[in-house]
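Here's a quick tour of the charged pairs in this model. Have the structure open as you read.

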Amino acid sequence: EGFVMNKEEWVRKLKHLAVNSKDLTGDVLIAIEEILDNALFVYNHPSFMANGSAGRAIMAEIEEAKARKALHDLKRRLRQQRYIEVSEEGDRIIGLTKLGQARALETRMAEKTKVLLDDWYCVAAFDIPEDINKTRQQIRRKFRHMGLQYHQRSVWVTKTDLSQELTDYIRLIGAENWISVFKAESKNLRLK
């Protein structure tokens with residue numbers, strides 16, 4: 001258990017197995033088991049890292065593998081939620097879907113801090129048909145998350161300058177027929 005192979009030695013071993021094995025599946029499983037045993041040994045014995053570059057190299061490989069897996073899992077989740085488009089092979093992100101663009105814009109708006117001048121407000125007014133009540137509820141939740149405040153029936157306001165972003169967002173979600181966004185001046189309006 002004292003000897004640990006570096007990355008190049010493992011690659012050579014796997015290539016050798018690929019060419020010479022009589023039971024490739026079994027031999028590869030054995031090699032994977034050895035890799036894991038060595039990795040766990042190094043991981044559980046941090047003092048081993050002080051004994052040369054092999055330990056540090058294996059720890060770096062473990063950390064790199066963890067990062068690759070985390071990215072792979074994130075990509076899979078984003079794809080399942082239909083936020084991203086991936087290449088046909090599934091190995092490369094090629095862009096955001098409209099849903100992904102809308103979700104990113106929601107986050108940008110929630111984090112935006114640029115405030116309008118005194119007495120000016122960004123206003124979003126909507127008239128969404130009753131038969132799609134679920135959409136109205138979702139819009140209200142999204143507006144609240146983005147920092148807008150309920151003013152009166154179907155009218156939401158904020159001091160943050162979100163007019164362009166809200167307009168883009170509404171277009172992305174296909175609600176431009178129901179929601180209007182504009183800037184308005186009001187001496188009497190006060191937000192909580």
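## Salt bridges

Arginine 171 is partly exposed, with a relative accessible area of 48% (buried means under 20%, exposed over 50%, partly exposed in between, using a 1.4 Å probe and protein chains only). Its partner, aspartate 168, is partly exposed at 24%. The two sit three residues apart in helix H6 (residues 163-172), so about one helical turn separates them. Elsewhere, salt bridges with shared partners tie Lys69, Asp73 and Arg76 into one network.

A note on the ground rules: this is a predicted model, where local features need pLDDT of at least 70, side-chain atom pairs count only at pLDDT 80 or more, and totals for chains, interfaces and linings use all residues. Residues are numbered from 1 along each chain as its sequence is written, and side-chain values use heavy atoms, with hydrogens and water left out.

How many salt bridges turn up across the whole structure? The search finds 11, each being a side-chain nitrogen of Lys or Arg within 4 Å of a carboxyl oxygen of Asp or Glu. Here are some of them:

| Pair | Closest N and O atoms |
|---|---|
| Lysine 142 – glutamate 106 | 3.3 Å |
| Arginine 136 – glutamate 130 | 3.3 Å |
| Aspartate 168 – arginine 171 | 3.5 Å |

The lysine 142 pair links distant parts of the chain, 36 residues apart: lysine 142 lies in helix H5 (residues 133-145) and glutamate 106 in helix H4 (residues 98-111). Helices here are DSSP runs (H or I, at least four residues), numbered from the N terminus. Glutamate 106 is buried at 5%, while lysine 142 is partly exposed at 30%.

With arginine 136, the acid is the exposed partner: glutamate 130 has 58% relative accessible area, whereas arginine 136 is buried at 10%.
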